[in-house]
Amino acid sequence: MSGVWEQVVGQSAVVAELQAAVADPTAMTHAWLFTGPPGSGRSVAARAFAAALQCPDGGDGTCHACRTVLAGTHADVQTVVPEGLSIGVAEVRELVRIAGRAPSQGRWQVVLVEDADRMTEQASNTVLKMLEEPPARTVFLLCAPSLHPEDVPVTIRSRCRVVGLRTPPVDAVADVLVRRDGVDPALAAWSAAAAGGHVGRARHLARDETARLARKAVLDVPLSLVSLAACLNAADDLVGAAKEESDRASAELDGAETEAVKQSLGVGARGPGVAAASRGAGQLKELEKRQKSRATRLGRDSLDRALVDLAALYRDALVFATSGTQGVTLAHPDRRADAEELARRIGPEGALRRIDAVLDCRRALEQNVKPQIAVEALTVALRLPA
Ligand SMILES: [Zn+2]
């Protein structure tokens, strides 16, 4: 793989399909749906495809078109990333307006929707109208996790060419960490295995010691649950860690945005005048609202990642308790001893029951149950037998 395709890790079949579409514009499809498990690189693949479509050379990765698409600044590639919990109709309307324009410099007008599963019903309907009568030079690239295909309405799916990504092999992920990010090979191999082929997560683990410690704290939970007090403590720790992580991430994003808005309004400079000041207050309020919604989502994502890690450890225990590990890839190979110990203490049924409990907790959180309440119920259900 070379050029823009280098970033699409472990997906040779998908890359071949996209390259063929770029090479033959007459066979071009107006709507594509990139699906795949979390971390498989849906939006990375969609962005590489967008670059290759705009590049005079099919995605060499070095020309102006490639570089601006990858940097997110190309005039004919519009991206929607939901910052809050959903993509609303206002965001989508704006896109549809842009999608109706002819490309200003590129060959295509590309509209890329990350997390298309987060579109509200009204937003989906607006997109659907566009897909029913696509403008000649407009290409829609929608991305959505494959775990819940029903989250993207079938009316939209049926109008898209579906590109299915798979979880990239661990060695392909390790390889890209070494080549692209300069990570030490041993750490790269460990991170790729610990992240189960989730590229972004593997990079995060490889580059950030805080992330490695947070993962360790989560995976230490199951064997610590020996009493009710221990369960309640573990719940506090899980919820607290997720909040800390999202606070840190939000603070980084919020500070720069608030500063930018203040600057553009001239707040803090000499008297902006009463009208400008009140308009500014409104804009800042609007920004605060969006930032709050994003913080909620970051917190949920962080807690959800911890729950996925927990469920995977119980799955490893289940493997030990039933078939044994012959030919099975453990989700947490570095916690093999823990999985074995758990298997011994809770047995296959205990492991299954605990996996269900984790799933119940994820569902409860999705339905806006307070994290503290949902996670306490979980850790109590995960308690080890006496
Ligand atoms: Zn190029």
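These legends describe close-up views of a predicted model.

**View 1. An aromatic cluster joins W32, F34 and F49.**
The structure holds two aromatic pairs. In one, W32 meets F49 edge-to-face, at 4.9 Å centre to centre and with 65 degrees between the planes. W32 belongs to strand β1 (residues 31-36) and F49 to helix α2 (residues 42-54), so this pair ties together parts 17 residues apart in sequence. Both W32 and F49 are buried. F34 and F49 make a tilted pair, with ring centres 6.3 Å apart and planes at 55 degrees. F34 also lies in strand β1, so its pairing with F49 in helix α2 links parts that are 15 residues apart in sequence. F34 has 0% relative accessibility and counts as buried. F49 likewise has a relative accessible area of 0%.

**View 2. Four residues coordinate the zinc ion.**
The donors are C55 (SG), D60 (OD), C63 (SG) and C66 (SG), at 2.2 to 2.3 Å. Angles among the four donor atoms run from 97 to 117 degrees, and the site is tetrahedral. For comparison, the ideal angle for four tetrahedral donors is 109.5 degrees. In sequence, the donor residues follow the spacing C-x4-D-x2-C-x2-C. C55 is buried, at 0% relative accessibility. D60 is partly exposed, with a relative accessible area of 27%.

**View 3. The charged end of R137 sits over the ring of W108.**
The distance from the charged end of R137 to the centre of the W108 ring is 5.4 Å.

**View 4. The largest nonpolar core has 37 residues.**
L310, L378 and L382 have the most contacts inside this core. Five helices each supply at least two of its residues: α10 (209-219), α12 (228-265), α13 (274-321), α14 (336-366) and α15 (371-382). Helix α14 gives the most, with 11 residues. In soluble globular proteins, nonpolar side chains tend to be buried together.

**View 5. L382 and its contacts beyond close sequence neighbours.**
Neighbours within four places in sequence are left aside here. The remaining contacts of L382 are L225, L310, Y314, R354, A357 and V358. One of these, L310, is itself among the residues with the most contacts inside the largest core.

**View 6. A second, separate core has 33 residues.**
Its members include A51, C66, V139 and C143. Of these, C66 also coordinates the zinc ion through SG. A51 falls within the residue range of helix α2 (residues 42-54).

Methods:
Residues numbered from 1 in each chain as written. Predicted model: local features only at pLDDT ≥ 70, side-chain atom pairs only at ≥ 80, totals over all residues. Heavy atoms only, no water. Phe/Tyr/Trp six-rings, centres within 6.5 Å; stacked < 30°, edge-to-face > 60°. Helix = DSSP H or I, 4+ residues; strand = E, 2+ residues; numbered from the N terminus. Buried < 20%, exposed > 50% of the residue type's maximum accessible area, 1.4 Å probe, protein only. Lys NZ or Arg CZ within 6 Å of the ring centre and 35° of its normal. Donors = N, O, S within 2.8 Å, 3.2 Å for Na, K, Ca; no water. Tetrahedral: all angles 85-135°; square planar, octahedral: opposite > 155°, others 65-115°. Core = buried A, V, L, I, M, F, W, Y, C linked by side-chain atoms within 4.5 Å. Contact = heavy atoms within 4.5 Å.
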